Structure formats: C-alpha cells, structure tokens
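Hi everyone, thanks for having me. Have a look at the structure on the screen, and I'll walk you through a few places in it.

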Amino acid sequence: MTINAATLPTAAAGPTVWGRMMKGQTGPVCVMLIGLFVLWYVGAVFLNMPGQIDRYARAKQDWTASQLIEATLAQDRPVLPAPHQVAVEMYKTIFATKITSKRSLVYHTWVTLSSTLLGFGMGTLLGIVLAVGIVHVQTLEKSLMPWVISSQTIPILAIAPMIIVVLGAIGLKGLIPKAMISTYLCFFPVTIGMVKGLRSPDHIQLDLMRTYNASRWQTFVALRWPSAMPFLFASLKVAIAISLVGAIVGELPTGAQSGLGARLLAGSYYGQTVQIWAALLTAAFVAAMLVVIVGLMEKRVLERMGVRA
C-alpha cells in the first residue's frame with residue numbers, strides 16, 4: 001500500500017518554510033524589523049501631516065491623499081524623518097564623506113568612541129577594585145557599598161556639567177572629562193556584578209580551599225576569580241553600552257565641536273532632525289557592536305576556562 005505525500009497533513013509532511021524561518025532567530029528578528037519600519041513610516045506620515053497641510057493651506061494649493069503622504073515623507077525638516085531619509089543621510093556622512101571631514105559621522109564616532117573606551121577601561125578597573133575590597137573587607141562592605149548604590153541616584157545630566165567645570169578648573173579638558181563621566185556611569189554595574197560573582201562560590205567550595213590550607217590570595221585566584229567571570233562579562237555588556245551614553249552626555253554641556261553629542265546639538269540648534277536621527281542610529285549601532293565584541297571576548301575566555309555554553 002502506497003501513501004501519496006500530497007495527501008499527508010502538513011505536520012506529517014514536514015515544517016513549512018514559514019515554520020523553519022520562525023524556528024531560529026533570523027525569522028523573528030526580520031519580522032520585528034519589518035514591523036518597526038512599518039510603524040516608523042506610519043508615524044512619520046501622521047506626525048508630519050499637520051505641518052504639510054498647513055503649508056498647502058498657506059500656498060492655497062489643492063492636494064490629494066497620495067500627494068500628502070509623498071510630501072510628508074520628503075520634508076527637509078520633518079518632525080519625524082522617514083527611514084529612507086535617515087538612511088540617505090547616514091550614507092552621505094559615513095561613506096560619501098572623507099573621514100577627516102567635520103561632516104563625517106566616522107570622524108565624530110571616533111571622537112566619542114575614544115572617550116568611551118577610556119572611560120570604560122577606568123570604570124572597569126575601578127569596579128573590580130571596589131568589588132574585591134567589598135568582598136574581602138567587611139568594613140568596606142558596610143561603609144562603601146551604600147555610597148556606591150546612592151551614587152547612581154544622582155542624574156547624570158546634573159552631575160556632568162559639575163565634573164566638566166571642576167576638571168576644567170585644574171586644566172583637564174577635552175577627552176578626560178568625558179571619559180570621567182563614562183567612568184562614573186560604568187563602574188556601578190561592574191562593581192555590583194563582581195561582588196555577586198566573587199561571592200558565588202558555595203560554602204563547600206570555600207571549605208575545601210580551607211582544607212587545602214589555601215591563603216586568601218590562592219582562594220581568590222583559584223576559586224573566586226574564575227567563578228566571577230560570567231558575572232563580570234554580563235556586567236561589562238551593560239557597562240560598555242552605558243559608557244557610550246556617558247561620553248555623548250559629556251559632550252552636550254561643553255558645546256563640543258566634534259563627537260556624536262556635538263552632532264546631536266548641532267542638529268537640535270538648526271532643526272535638522274534627519275541629522276539627529278542619523279547620529280542616534282549611528283550611536284545605537286556602535287553600542288551594539290561594542291556589546292557584540294564583549295560577547296565574543298566572553299565566549300573566548302570561558303572556552304579557555306573550559307566552560308561550554
């Protein structure tokens with residue numbers, strides 16, 4: 001007896017193309033991106049529509065629905081630029097402009113990225129040192145930990161100008177003040193993550209190290225530090241992204257002439273919303289790439305330690 005494959009139910013015949021696409025990560029991500037682009041276009045039409053209708057009214061010009069939609073997606077200074085407008089602006093300022101030009105987003109990205117990486121390095125080092133002290137010195141845990149937590153209750157927009165003014169008074173300008181703001185933002189997640197990680201070994205593991213008569217340093221190197229690695233990299237992913245935010249915020253109150261923050265300021269001064277969105281998306285892309293790089297480093301380090309995902 002033979003069975004015709006065409007008569008089999010869909011489930012028995014195998015998953016459909018749609019089912020295979022949605023099974024992995026590519027399909028859901030693509031569907032989400034398409035949905036976001038549709039919402040973006042719809043939002044651009046509705047937000048830009050009142051201004052465009054007003055222009056038609058002042059010019060005493062008749063219009064149709066299709067003309068209105070087309071015009072709302074092609075304004076020079078829209079309330080919300082359409083995705084294709086932002087894409088064109090990014091292409092012009094990234095690929096069609098020399099990277100040494102003040103109009104190049106590559107140039108401005110590097111200026112912001114340099115302070116981001118410096119602040120990230122200092123914040124990571126500070127966070128690890130504080131975490132080691134909090135874990136091993138009970139006095140520091142009771143006295144320092146509340147200050148570490150309360151430090152993050154101060155809005156960064158309020159403290160950034162003070163940091164810049166104070167450092168400027170002692171002759172530190174340019175890269176250092178922005179890096180200090182990044183340090184201020186990123187040390188907190190590193191500290192909290194490392195404290196949790198250094199305390200993650202079980203009591204039986206610590207008792208075993210005492211049985212071997214291991215010193216504090218040997219216990220730290222052989223047990224606490226390896227156990228803290230997953231926690232450290234999880235906090236580093238947060239810290240690297242927030243360091244970029246700190247660098248951009250640090251450029252805002254200084255009236256900087258370069259950097260992604262400077263592009264945002266210039267765009268807001270002159271009503272260039274397309275320029276603002278291009279800088280924002282560039283910053284988001286850079287942050288995503290930095291997180292990916294930290295993730296690759298995490299995978300490599302954990303593999304060297306013998307940990308498999």
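Let's begin with the largest nonpolar core, which has 42 residues. Which of its members touch the most other members? They are Val190, Met194, Leu198, Leu232, Leu236, Leu244 and Ile248. Please keep in mind that this is a predicted model.

Several helices feed this core. Those giving two or more residues are α3, α5 (83–94), α6 (105–136), α10 (175–198), α12 (216–251), α13 (260–269) and α14 (273–304). Which element makes the largest contribution to this core? That is α12, with ten residues.

Now zoom in on Val190. Setting aside residues up to four places away in sequence, Val190 touches Thr124, Gly127, Ile128, Leu232, Ser235, Leu236 and Ala239. There is also a second, separate core of ten residues, with Ile156, Ile159, Ile164 and Ile181 among them.

Let's stay with helix α10 for a moment, where you can find Lys178. Is Lys178 buried or exposed? Its relative accessibility is 10%, so Lys178 counts as buried; the cut-off for buried is under 20%. Its contacts, again leaving out residues up to four places away in sequence, are Val111, Ser115, Gly246, Ala247, Gly250 and Glu251.

Next, a helix with two faces. Helix α4 covers residues 65–72, and its buried residues are Leu68, Ala71 and Thr72. Why do we say that these lie on the same side of α4? Because they cover an arc of only 95 degrees around the axis. Here is a handy rule for your notes: an α-helix has 3.6 residues a turn, so residues three or four places apart point the same way. What do the buried residues of α4 pack against? They pack against α3. If you turn to the other side of α4, Ser66 and Glu70 are exposed.

On to the charged pairs. How many salt bridges are there? The count comes to six, and I'd like to show you three of those.

The pair to look at now is Arg263 and Glu89, whose closest N and O atoms are 3.8 Å apart. Arg263 belongs to helix α13 and Glu89 to helix α5, so this salt bridge ties together parts that are 174 residues apart in sequence. Both partners are hidden from the surface in the sense we just used: Arg263 counts as buried because its relative accessibility is 8%, and Glu89 is buried too, with a relative accessible area of 16%.

While we are at helix α5, let me point out Thr93, which also sits there. With a relative accessible area of 3%, Thr93 is buried. Apart from its neighbours within four places in sequence, Thr93 is in contact with Arg103, Ser104, Leu105, Val106 and Arg263. So you meet Arg263 again, as one of the contacts of Thr93.

The next salt bridge joins the side chains of Arg199 and Glu141, at 3.0 Å from N to O. Arg199 is in the loop between α10 and α11 (203–211), and Glu141 is in helix α7 (residues 138–143), so the pair links parts that are 58 residues apart in sequence. Arg199 is partly exposed, with a relative accessible area of 40%. Glu141 counts as partly exposed as well, at 31% relative accessibility.

My last salt bridge is between the side chains of Asp207 and Arg210, at 2.6 Å from N to O. These two are three residues apart in helix α11, which means that about one helical turn separates them. Asp207 counts as partly exposed at 40% relative accessibility, whereas Arg210 is exposed, with a relative accessible area of 56%.

Finally, let's go out to the surface. Which residues make the nonpolar surface patch of about 600 Å²? They are Val29, Met32, Leu33, Leu36, Phe37 and Leu39. Met32 lies in helix α3, which spans residues 26–58, and Leu39 has its place in helix α3 too. Met32 counts as exposed because its relative accessibility is 55%, and Leu39 counts as exposed at 60%. One distance to finish with: Leu39 and Gly295 are 256 residues apart in sequence, and from C-alpha to C-alpha they are 30 Å apart in space.

That's my tour. Thanks for listening, and I'm happy to go back to any of these places with you.

Conventions: Residues numbered from 1 in each chain as written. Predicted model: local features only at pLDDT ≥ 70, side-chain atom pairs only at ≥ 80, totals over all residues. Heavy atoms only, no water. Patch = residues over 30% accessible without salt bridge, like charges linked within 9 Å, V, L, I, M, F, W, Y side chains within 5 Å. Areas by Shrake-Rupley, 256 points an atom, 1.4 Å probe, with all protein chains shown as cover. Salt bridge = Lys/Arg side-chain N within 4 Å of Asp/Glu carboxyl O. Helix = DSSP H or I, 4+ residues; strand = E, 2+ residues; numbered from the N terminus. Buried < 20%, exposed > 50% of the residue type's maximum accessible area, 1.4 Å probe, protein only. Core = buried A, V, L, I, M, F, W, Y, C linked by side-chain atoms within 4.5 Å. Contact = heavy atoms within 4.5 Å. Arc of directions from axis to C-beta.
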